Number of protein chains: 2
Amino acid sequence: MSKRRETPLEKIFIESHHCTIDLRLEMLSQAPFFKGLDPEMLREVNKRFSATHFEAGEMIYYEDEPALRLRVVVSGKVKLMRHTEEGKDVLIDMLKPGEFFGTLSHLGGEVYSETATSQTHTCILSIDSQAFRDILTQYPVVAVNVLDIMAGRLQASRDSLFELSTLPVDQRIARILYRLAEKFGEQDDEFGLLIQMPLTRKDLADMAATTTETASRIISRLKKDGIIHAGRQWIAIEDLQELENLSA
Amino acid sequence: MSKRRETPLEKIFIESHHCTIDLRLEMLSQAPFFKGLDPEMLREVNKRFSATHFEAGEMIYYEDEPALRLRVVVSGKVKLMRHTEEGKDVLIDMLKPGEFFGTLSHLGGEVYSETATSQTHTCILSIDSQAFRDILTQYPVVAVNVLDIMAGRLQASRDSLFELSTLPVDQRIARILYRLAEKFGEQDDEFGLLIQMPLTRKDLADMAATTTETASRIISRLKKDGIIHAGRQWIAIEDLQELENLSA
DNA sequence: CGGTCTGTTGAAGGATTTCAACACTCGTGG
DNA sequence: CCACGAGTGTTGAAATCCTTCAACAGACCG
């Protein structure tokens, strides 16, 4: 490992132009839930969204806050977490550009059930949830798209539940790394398939329902066995096949 | 406890008339996802469903089977489970009349991700998933209803994930009992709020990600503390308030 | 260049599982 | 109608995976 570069993670120098009108339209047109919407409708819909910029580590919204808006990641990565009173955290999901979060609900009394944090510099589009519901009824194709996405998320959540219920910690970590690699992996000359996102041992522990210490021990072992490379806040997969075997 | 009646569970003597046309229409009109659909549309939609009857304990479909149909519980209770190769089971959900399961997907290659079993005598309506998708695009209000249900299920699944990650077994069991009581509870003169469904210690264990032995020990303790009544395949809540306190 | 955040490793302790043996209920067939 | 067997539930004791507690090392930031 060269001493010149401590983290192989891509440095994103974000200026305000990261949230340009062009990028917004580009993102909305590619967003899975607007697939099949024609350009004119898209421009119409775009008007109803507003953009916000967040630094790495900033809170986007808090658990138990009134849930009023639906949000879309334009650029950057977003982390969804839940917290206990005793200080335990659970990491529910990591989002990349094109994914939505926040609330679909129209009811006034509802609150966010998780806390959203920007894991990197991010640009977020948001829309009043009632306005989004109007879009849903106006453009049925959008409703069906969103439905498919929700079905996929339910599936993923139940997969996690299943794995948490049946697998020992080391296999859970292996699976989590595998999936993160699928979603966020970028080929790196030096280290292999790099998970392109700041990722601490605690993040991993909060995904696997274990402690930072245990996560650290498992990462150490995977490093020793030549399956992954890892450093401060980054992990890269050297031997994806072996990682998959481990998680079986 | 009287010796005359070993189980306080309601005996449902189901004959074929349990799946009458009247009951079908009645159920569809009350089903949450058809809320807001006018009677004529409803009759139209009803034609596309077909009814099937299952005995208690029968399999409705198996994990990994091609997922072709969406189903609706008309009467009875349905259990959704996943199985591991090593014989561990995870109980994903218990469904009551009005709830749907199966697949929303239209894609041919997909398979069911869980096994569905009738927990009691049941009547099930089913529809080809493609035909249901046609309904979704034809009646946007249905799509939005289904979306709300899926959002609720995702929420519930993430709640389970959170509890599994942060709570010790006894609190998890307490929460599960509380929720089952909310959903399936019926006031019983003798025992209190009776969970109206056959429910073994193993079922509970598979919901709480623990073993039958541990579930049994916890149920024994709750019985000793006067919080619940329980017997073979049934549980009734005596002190709901205390159960809620325990799960905090 | 000190302080904080992150990561590492060891050793003790604890919650839950595993293994084992047994009791009870219920349906079924002799 | 009773006996038997399968399915279900119970309880104890040993074993184990993982957490907790503790101490320390390196990296990054102002």
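**Notebook: sheet, chain pairing and DNA surface**

I began in the sheet of chain B, where I found H53(B) standing opposite C123(B), the latter in strand 8 of chain B. I note at once that this is a predicted model, and I read each entry below with that in mind.

Next I looked up how strand 1 of chain B is held to strand 8 of chain B (residues 122–128), and I found that the two run antiparallel and are joined by five bridges. Following the pairing outward, I traced an open sheet of four strands in chain B, with the order 1-8-3-6 and antiparallel pairing. The edges of this sheet are strand 1 (50–54) and strand 6 (100–102) of chain B, each of which pairs on one side only. I also looked up the twist, and neighbouring strands of the sheet are turned by 35° against each other on average, direction ignored.

Which helix packs on this sheet? I found helix 3 of chain B (residues 129–138) there, touching strand 3 (69–75) and strand 8 of chain B, and its direction makes about 75° with that of strand 8 of chain B.

I then turned to the two protein copies and superposed chain A on chain B, which takes a rotation of 180° with 0.0 Å of shift along its axis and gives an RMSD of 0.0 Å. The two copies are thus related as by a two-fold rotation axis.

For the interface, I recorded 28 residues of chain A in contact with 28 residues of chain B. On the side of chain A that touches chain B, the elements giving two or more residues are strand 5 (89–95), helix 3 (129–138) and helix 4 (140–166) of chain A. Helix 4 of chain A gives the most to this side, with 18 residues. By class, I noted 16 nonpolar, eight polar and four charged residues on the side of chain A that touches chain B. Since 100% of the interface residues of chain A are also interface residues in chain B, I conclude that the copies meet through the same surface.

Last, I looked up what surrounds DNA strand D and found 20 residues, the closest being E6(A), P168(A), T214(A), T200(B) and S220(B). Two or more residues of this surface come from each of helix 7 (212–224) of chain A, helix 6 (201–208) of chain B and helix 7 (212–224) of chain B. The largest share, six residues, comes from helix 7 of chain B. By class, I noted three nonpolar, nine polar and eight charged residues on the surface near DNA strand D.

How values were computed: Residues numbered from 1 in each chain as written. Chains lettered and ligands numbered in written order. Predicted model: local features only at pLDDT ≥ 70, side-chain atom pairs only at ≥ 80, totals over all residues. Least-squares fit on C-alpha atoms with pLDDT ≥ 70 in both. Contact = placed C-beta atoms within 7 Å. Pairing = 2+ DSSP bridges. Axes fitted to C-alpha atoms, helices over the stretch in contact; angles between N-to-C directions. Near = placed C-beta within 6 Å. Nonpolar A, V, L, I, M, F, W, Y, C, P; charged D, E, K, R; others polar.
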